[in-house]
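Biologist: I am new to this structure. Please take a close look at a single part, the metal site, and then connect it to what surrounds it.

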Amino acid sequence: MTLFLQTYNNYIWLAPYGYSVVFAGFSFYLFRLFEGFYATIFDKPLFRNYFIYKKLSEHQLAILTKEFSFYNSLSEKHKRQFQHRVASFISDKEFIGRENLQVTERMKVLTSAIGCMLSFGRKNYKFNLIEFILIYPKEFYSKVNNAYHKGEFNPKGRALVISWKDFEEGYQITNDNLNLGIHEFMHAMQLEAKRGGDGDSDRFEKQFQNILKQLTKPEIKDKLIATQYFRDYAFTNQYEFMSVMTEYFFESPQEFKKQFPELYGYTKKLLNFNFGDY
Ligand SMILES: [Zn+2]
């Protein structure tokens, strides 16, 4: 009996800690519940980042600052978030050079930066369907349709494949509405949304439906034909339309907004993109 009491006394002091653990667990559950409600009601994540801790190396940061104007347009807080995300993205993916291409730090930083720019409004920013980034020096032969490609997203191989020459032209020439990186990353984002499972995917699907509805309206259809604003390739199918439209969104937001304010608005919502001049 004495022994039992002793044991009991030895552990009773733990009780408040036990309650705290249960309370913390329950609070976390309530928080996640609230976060889910918030995302559904307001169509955007409550928090985009919980933790911001990763930093790029000095060399990597210099590349971003010198060559990526979107980064320079951000506030200090958003710069820290962006840096964290690019650093996480780089350590998360495997970069592989093809046809003797040597993958440089610059290639890693710039491809990751394009992906992280496209997903910057999202909480889930890492493109879960992409594990490998394959970089060819220029156009490459693709067995998908036995033709030369400048880029592709290969879901089976979990790979984003790009021609470096075309990727560079895509982001360096900023007034032609061509941006290979944005285009291919958008394909990956759209497939991820189709598989669903998180707030960002739900929002994507909802706004995607809004965009498709717009496209069935006679006055929008007529205007698309009359203005020939989007290049022909956009009308290949709904996936190409989304990728091409997103290139326009990033390369000429003002013109896009003026021409098709509804489509612009839904795209902005879909990406939850409230940065810089967008
Ligand atoms: Zn495409």
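Modeller: Start with a term. Contact means that heavy atoms lie within 4.5 Å of each other. Keep in mind that this is a predicted model.

Now the metal. It is a zinc ion, coordinated by H183 (NE2), H187 (NE2) and two OE atoms of E240, at 2.1 to 2.7 Å. Along the sequence, the donor residues follow the spacing H-x3-H-x52-E. The geometry is irregular, because the 4 donor atoms subtend angles of 52 to 142° around the zinc ion. To count as tetrahedral, four donors would need all angles between 85 and 135 degrees.

Look at the two histidines. H183 and H187 both sit in helix α8. They are 4 residues apart, about one turn of the helix. An α-helix has 3.6 residues a turn, so residues three or four places apart point the same way. Are these histidines buried or exposed? H183 is buried, at 7% relative accessibility. H187 is buried too, with a relative accessible area of 15%. The cut-off for buried is under 20%.

Next, follow H183 to a neighbour. Among the contacts of E247 is H183. E247 belongs to helix α11, residues 238-251. Its relative accessibility is 2%, so E247 counts as buried. Besides H183, E247 touches N177, L178, N179, L180, I182 and R231, leaving aside neighbours within four places in sequence.

One of those contacts deserves a stop. N177 lies in the loop between α7 (164-172) and α8 (180-195). Its phi is positive, about 60°, although N177 is not a glycine. Most residues other than glycine have a negative phi. N177 is also buried, with a relative accessible area of 12%. Compare N146. There phi is near 50°, again a positive value in a residue other than glycine. N146 lies in the loop between β3 (140-142) and β4 (147-149). N146, however, is exposed, with a relative accessible area of 52%.

Step back along the chain to α7. Its buried residues are W164, D166, F167, E168, G170 and Y171. What do they pack against? The partners include α8 and α11. The others are α3 (58-67), α6, β2 (132-136) and β6 (159-163).

Helix α6 leads to the nonpolar interior. In soluble globular proteins, nonpolar side chains tend to be buried together. Here the largest nonpolar core has 67 residues. The residues with the most contacts inside this core are F68, F82, F230, F256 and F273. Helix α6 (residues 105-118) gives the largest share of the core, 8 residues. Apart from it lies another core, of 5 residues, including L134, Y136, F140 and V161.

Take F273 as one of the well-connected residues of the main core. Not counting residues up to four places away in sequence, F273 touches F70, M117, F120, F249, F250, K268 and Y278.

Finally, one helix pair. The axes of α9 (residues 199-216) and α13 (residues 261-271) come within 8 Å and cross at roughly 170°. That crossing makes α9 roughly antiparallel to α13. On the α9 side, the contacts include R203, F204, Q207 and F208. On the α13 side, they include E262, L263, Y266 and T267.

Key: Residues are numbered from 1 along each chain as its sequence is written. This is a predicted model: local features need pLDDT of at least 70, side-chain atom pairs count only at pLDDT 80 or more; totals for chains, interfaces and linings use all residues. Side-chain values use heavy atoms; hydrogens and water are left out. A nonpolar core is a set of buried Ala, Val, Leu, Ile, Met, Phe, Trp, Tyr and Cys residues joined through side-chain atoms within 4.5 Å. Buried means under 20% relative accessible area, exposed over 50%, partly exposed in between (1.4 Å probe, protein chains only). Helices (H or I, at least four residues) and strands (E, at least two) are DSSP runs, numbered from the N terminus. Donors are N, O and S atoms within 2.8 Å of the metal (3.2 Å for Na, K and Ca); water is not among the atoms, so sites may look incomplete. Four donors count as tetrahedral if all angles lie between 85 and 135 degrees; four count as square planar and six as octahedral if opposite donors are over 155 degrees apart and all others between 65 and 115; anything else is irregular. Axes are lines fitted to C-alpha atoms, for helices over the stretch in contact, and angles run from 0 to 180 degrees between N-to-C directions. Angles under 35 degrees count as roughly parallel, over 145 as roughly antiparallel, 65 to 115 as roughly perpendicular and the rest as oblique.
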